[in-house]
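The following exercises concern charged pairs and nonpolar packing. Please work through each task before reading its solution.

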Amino acid sequence: MRQFLCIGASVFIISTGSTSISEAQGLTGSIGGTVRDVQGGVLRATTVTLFGARGSAVAPTDEEGAYRFAAVDPGTYEIAANLTGFQTSRQVGLSISVGQQLILDFTLMPALSVNIEVLSSPAIVDVKSSSSTERLSSDLLFSAPLERFSPFLLNGLPGVNNASAFGGGAGTANALRLDGVDTRDPGDSSFITSVNYDLIDEVQVHGPGAPPEYGGYTGVAINMTTKSGGNRFGLLLTGVYSNARMAADNISEDVVELNPAVKDTDSIRRLIDVSGIVSGPLVKDKLFFLVGAQREGLLVNPAGPRTRLDIVAPRLDGKLTWQRSASEQLSILFDHTRAHQGGAQPATIPRPLTTDDLAGETRQAIPVWSLQWRRVAGSRTLIEAGYLGYSAAFEFSPIVPKPGRFDLATGLHSISSGYTARYERTRHQVHASATHFAEGFLGRHDFKFGLQTERGRTRDELQFVNDLSYLDYGGAPYLAYTAGYDVAARVDTDALYGQDAWQITDRVTANAGARLDWNRGGSPDRIVYETKTISPRVGVAIDLGGGHRTVVKASYGRFAEALLGTFFYRGIPGAVDAVFYDVTGPSLIEIDRIPASRPYPIDPRIHQPHMDEIVGAFERALSAQTRLSLTAIWRRNGRFIDSVYPDARFTPVQVASALTGEPLTVYQWVNRTESIGNPFITNVDGFTYRSPADAAILSVDAFRTYRSVAAVLNRRLANGWQGQVSYVLAKAQGTVDNTGAGNLGFSSQFETPVGLLNGEGRLTSDFTHELKLLGSGLVPRSGIRVGVFLRAVSGQTYTPLQPIAGSILNAPQPQTVRIEPRGSRRLPWQSTLDIRIEKVMNLGVERHGRLGIYADIRNIFNRGAALGAQARVPNVRIIGFANPVPFGAPTVIQSPRQALIGLRWSR
């Protein structure tokens, strides 16, 4: 069933949408405050004006001297307060982010004979929210040497590495939204989007302390808002080029001696990437457009035995934004992309063992659409609604169209990947919410209520070439087997939430609310999986000093995992029996059968997996541009879903450790034939394995914990430079790994007690230390801009694995067991420094625009740290290489120094 993972890493999409609301998780912020005179008296009927790229908006102060802009698109603004008899007060360079609630108070001075505008520094700390968020602004994305596509941008954020966010399941635990469109695969929650950062206005991570409007994840919720047309015509043309001569070699002779399969570097052989964006007004202040196109052609030499991965991905997108009035807005988005990969990684073979012959070919096509509407009623109520969705089709075929072979004794994959697959995905989403600001009842309140309805449909087909795959043993034919599936499923979710930011006093805000998720899954005509989950969230934010510069935050929340098709796929029809045949004679003889024709029963009292979280934070505005945050996080994941066999009985068996020779206790399945036809899908925590005498042997303790403290120093763009430096000290441990598969519900790791052996310890994505520096600056009087990205993190962990013969376990094939505690070994530190140097030339700004010529140098010191290790003891064989790869040998080396040349012209 692991083939369901294919789509997540292979589909490429580009999508541009409005920065307006497009789902209940709003994509706007708000600005409010009070206008007073120098004696502290409130000033009524003051005109407060907000100036942005698509015109201006006005909010007069009320009887209490308060004003409010309820829906402000992310971006940079100016805001001014004006009242006859007083000097105008103006704040410039005001930056607003998704979900940010800025409090900006004005103090107006009496008018003098000469009109003077009083300029003040904009606020950068949200003192009303108890959540902690980090972001990458468009200015930083444009000037820093980051990967060009959105999923990979996440690794530039504190606490996120290899797509594992704050200890969560890598990729699968994250909610990835593009202008509100939930772009995850409803089957396994992996991403299916890849967006050029030239289109992105901001990447924002909502994780620690997020309010109830954010749900369906246990990692982080990632909002990517894209650029939009404004009152000025804009044009951006970009080209990026690289080739094999611009790549270095960072593979040492010691590495090649241990593993000749990594003798070639993981580098770009050819890259030609061209894109263009045109935006502007169709009707000034009313109707705006943005059109973008891109074609990426990429040829790389992947890490490991493969030598060629050829990607061609054309993309086209467009969007209209109709600002019907100052209080109402409608936007329409449509996007389409196609992509082809030659030499693609198959899901059934580990990457370090995949040669060119074992690779495949993929094709995919994805349209995305969105219709979004919002209306501001007065200055206190915001109504939002949207219909959006996408469709995806993905096909995989082997390069060599022959059955594949796998050697049980040596771990050797040979001949072919051996299967064809097709995956189809659709997702329809309708979201609506209402936000209302009220005061007079024990303080001020920001109420928000919303509903979300999603209907997902999936179809997964897999078939072996010639309906057979072969198992060898020590180079000799041993078994053949057949399996496959054609599974059609529905993934339906409905959610209601309510929340309140209750400003008890001018300095204290309580955040409270709850979310109800109702999840159903099954075949198109029958529901087999259903859960209802209530997720409470509470928090407090205290404005120390009352100056909106320093805030202390604390929160508790429960976060339910998204509904994944993998939780119940085995509970619906479509899979066929796995049948094993003896191939040592003249004809195939059936010797074993694992029934799949009867769907797995699902526990009627099953619960949705969830995470409990406690967060404490301190934020301080050190200046008008600089913010320091200190955050402590504790998380615990539980109620994991997987399959078990309640009728199975086991007896202990002693085997020798291949590393030390000491005895290991494994368990033989004594009644396998009688009990294997009675599987059960449930929350595995607390499940007990029993002996033939019905005595308890072991019980499952399925959990994952994460603890961290983080310090982040941000400086937004001012005087030509900007940056972010962060340090995170963390620990991720448990019995369910965070590589992603542990979230999916079909790992089968709990079907026998063998999976519990040495099962608790450090998780794979356990980055004890993490240091990141991301920034850019202008060299004075030179027109040269320099960007840097420094990343240094502890290496991932791994554990020695030993195959145990099927004859010992009473199984048709070997199983691997951990022969040391989980995460007992650790790879060396990963560190890299990327630099961008860009020469910017003004060609007459109004007439000819600006030309930028830049060079990116990745891994400038050409470090070659191992990113993966061969964990099988004592070794593993790779087709085409004479000597086996020993335990502990590097399997993936970080990409070498690579130069890219870029050219972009804008106006």
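**Exercise 1.** Determine what the side chains of Glu751 and Arg570 form where they meet, and whether Glu751 is buried or exposed.

*Solution.* Step one: the side chains of Glu751 and Arg570 meet in a salt bridge, at 3.8 Å from N to O; the term denotes a side-chain nitrogen of Lys or Arg within 4 Å of a carboxyl oxygen of Asp or Glu. Step two: Glu751 belongs to the loop between β45 (721–734) and β46 (761–762), and Arg570 to the loop between β33 (550–560) and β34 (578–582), 181 residues apart. Strands are DSSP runs (E, at least two residues), and helices are runs of H or I (at least four), numbered from the N terminus. Step three: Glu751 counts as buried because its relative accessibility is 13%. Arg570, at 12%, is also buried. Buried means under 20% relative accessible area, exposed over 50%, and partly exposed in between (1.4 Å probe, protein chains only).

The model is predicted: local features need pLDDT of at least 70, side-chain atom pairs count only at pLDDT 80 or more, and totals for chains, interfaces and linings use all residues. Residues are numbered from 1 along each chain as its sequence is written, and side-chain values use heavy atoms, without hydrogens and water.

**Exercise 2.** Identify which parts of the chain are tied together by the salt bridge of Asp592 with Arg672.

*Solution.* Step one: the closest N and O atoms of Asp592 and Arg672 are 2.9 Å apart. Step two: Asp592 lies in strand β35 (residues 589–594) and Arg672 in helix α5 (residues 672–675), so the pair ties together parts 80 residues apart in sequence. Step three: both Asp592 and Arg672 are buried.
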